[in-house]
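Colleague: I would like to go through a few local features of this protein chain. Please give the reasoning before each result.

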Amino acid sequence: MLPPHSLLPTRMLLRSLLVAGITSHPMLLAPGLATLNFLSKPRAPLFNVERNPLLHSILKNVLYNHFCAGENASEVKATIQNIKNMGFCGVILTYAKEGPGRSSGDNSQLDPESQKVDTEIEAWHQGVLQTVRMIGEGDFIALKLTGAGAAVTTALSLGNPLPTQMESALADLCGEAISRNVNIFLDAEQHHVQTGINKVALDLMRRYNRGDVAIVFNTYQAYLKSTSVTLLDHLDYAKKDGFTIGIKLVRGAYMSTEPRHLIHDTKAETDASYDLIAESLIQGQFAGWGQDESFSSPRLHLFLATHNRTSTLKAQELQQDRTKAGLPRIQVQYGQLLGMADEVSFTLLQRNKEDMQSQGLVVSDVYKCLTWGTIGDCIFYLLRRANENKDAVSRTVAEYRALRREVARRIKNVFTF
Ligand SMILES: Cc1cc2nc3c(=O)[nH]c(=O)nc-3n(C[C@H](O)[C@H](O)[C@H](O)COP(=O)(O)OP(=O)(O)OC[C@H]3O[C@@H](n4cnc5c(N)ncnc54)[C@H](O)[C@@H]3O)c2cc1C
């Protein structure tokens, strides 16, 4: 069988090799990170990525195009087409610009009953509407609620109702998503706003997940010690209120800022928590909940958003085993960020192809998660990706070696012919 990276078009393969070459070598990564950090601050035109054409072109062709979808609708649509041509089922699209992100100092914005237009909510609303209009059937839009600004963040952290303007923006967005057959992820954020986000997610799932499919998905962070209990509560609500629950499972991205005692003590414990939740949901046995009846009531859809090879392949093998044994199955989908963990994404795609050939059935849908926006909008996103690569050294080195082997294989093929 061909190696997983054989699915990468040559242009992308070479760019991936360059980026992995830099991010897997600490001596190259450290100055790269320092440069990105420097460029992320407001600078004079010479060092401004939006205004210096040479800087813009270098950053765009190397780093931006590797990790981001595009600066406008036509670039984003072209990237999405490339992704789907490689065999991915669809994309998760997110807008890098998350609203002005600061309070205007106008306290009327914090009053949910205020009739004044909140410019932060309006900017967020327009940004997400633009985003949802770039995608189509079966794709996802990912929403970060605190991106809608100070009034929304305050309401979420106090557990208050959202401002009326935000309620209408969400209803408008859900209507647009439904009309385009697009699904919605509510991203998990920091603990102080998460109870508020859970409340919004449950309301939206009650309202929109009425049929057999989940349109709205809430995100659950396996690194939190409390997640099993939260999930159990939400499953019970789904059963009681008769809606399909959409579960996006992640490990959690806010370790450096969250109170440490809330998070599992070790990485191994977070890994075990992730795998246990995924496996027991797939088997309809989550925390003793539901047993076999979970396959009919309530219905649940699971999206495993992870770069972790072991977790991903374990879940996929479990799905395959259930398929072969003729046991009931829930819908399981998988997603990785664009430019990250390609080996995991392509392995899933290849296994799908084998399943299709041997059983005539796709066991798992695979997605890539893309961020769009101008280079200026995306620079902090790029910085986070570079830092994440630094923290996952062994995976980055393995990715680099696999890419090098694939380049060598293609060169050898040229000379063999
Ligand atoms: C498509 C997609 C969507 C995502 N959406 C969200 C989201 O909405 N909200 C969100 O918070 N994150 C989100 N993430 C990020 C995710 O939570 C992880 O931070 C990231 O994917 C790395 O974890 P991993 O599962 O890929 O695997 P790994 O790289 O194997 O795991 C790294 C993770 O393990 C955990 N960890 C590391 N060290 C320790 C330790 N000492 N003790 C305890 N735990 C530890 C942390 O969560 C860390 O991020 C998303 C990721 C993807 C791919």
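Colleague: Is alanine 341 buried or exposed?
Modeller: The model is a predicted one. Buried means under 20% relative accessible area. Alanine 341 has a relative accessible area of 10%, so alanine 341 is buried.

Colleague: Where is alanine 341 found, and what is its phi?
Modeller: Alanine 341 is in the loop between β7 (331–337) and α12 (342–359). Most residues other than glycine have a negative phi. Alanine 341 has a positive value, and its phi is near 50 degrees.

Colleague: How does asparagine 181 count in terms of relative accessibility: buried, partly exposed or exposed?
Modeller: Asparagine 181 lies in the loop between α7 (164–179) and β3 (183–186). Its phi is positive, about 60 degrees, although asparagine 181 is not a glycine. Partly exposed covers what falls between under 20% and over 50%. The relative accessibility of asparagine 181 is 42%, so this residue counts as partly exposed.

Colleague: Which orientation does α6 have to α8?
Modeller: The axes of α6 (residues 150–158) and α8 (residues 191–208) come within 6 Å and cross at roughly 90 degrees. Angles of 65 to 115 degrees count as roughly perpendicular. Therefore α6 is, relative to α8, roughly perpendicular.

Colleague: Which residue is at the centre of the kink in α13?
Modeller: Helix α13 (residues 375–391) has 17 residues and spans 23 Å from first to last C-alpha, close to the expected 24 Å. Its buried residues include Ile379, Tyr381 and Leu382. The kink is about 25 degrees, and its centre is tyrosine 381.

How values were computed: Residues numbered from 1 in each chain as written. Predicted model: local features only at pLDDT ≥ 70, side-chain atom pairs only at ≥ 80, totals over all residues. Heavy atoms only, no water. Axes fitted to C-alpha atoms, helices over the stretch in contact; angles between N-to-C directions. Helix = DSSP H or I, 4+ residues; strand = E, 2+ residues; numbered from the N terminus. Parallel < 35°, antiparallel > 145°, perpendicular 65-115°, else oblique. Expected span 1.5 Å × (residues − 1). Bend = angle between axes of the 7 residues up to and from the residue. Buried < 20%, exposed > 50% of the residue type's maximum accessible area, 1.4 Å probe, protein only.
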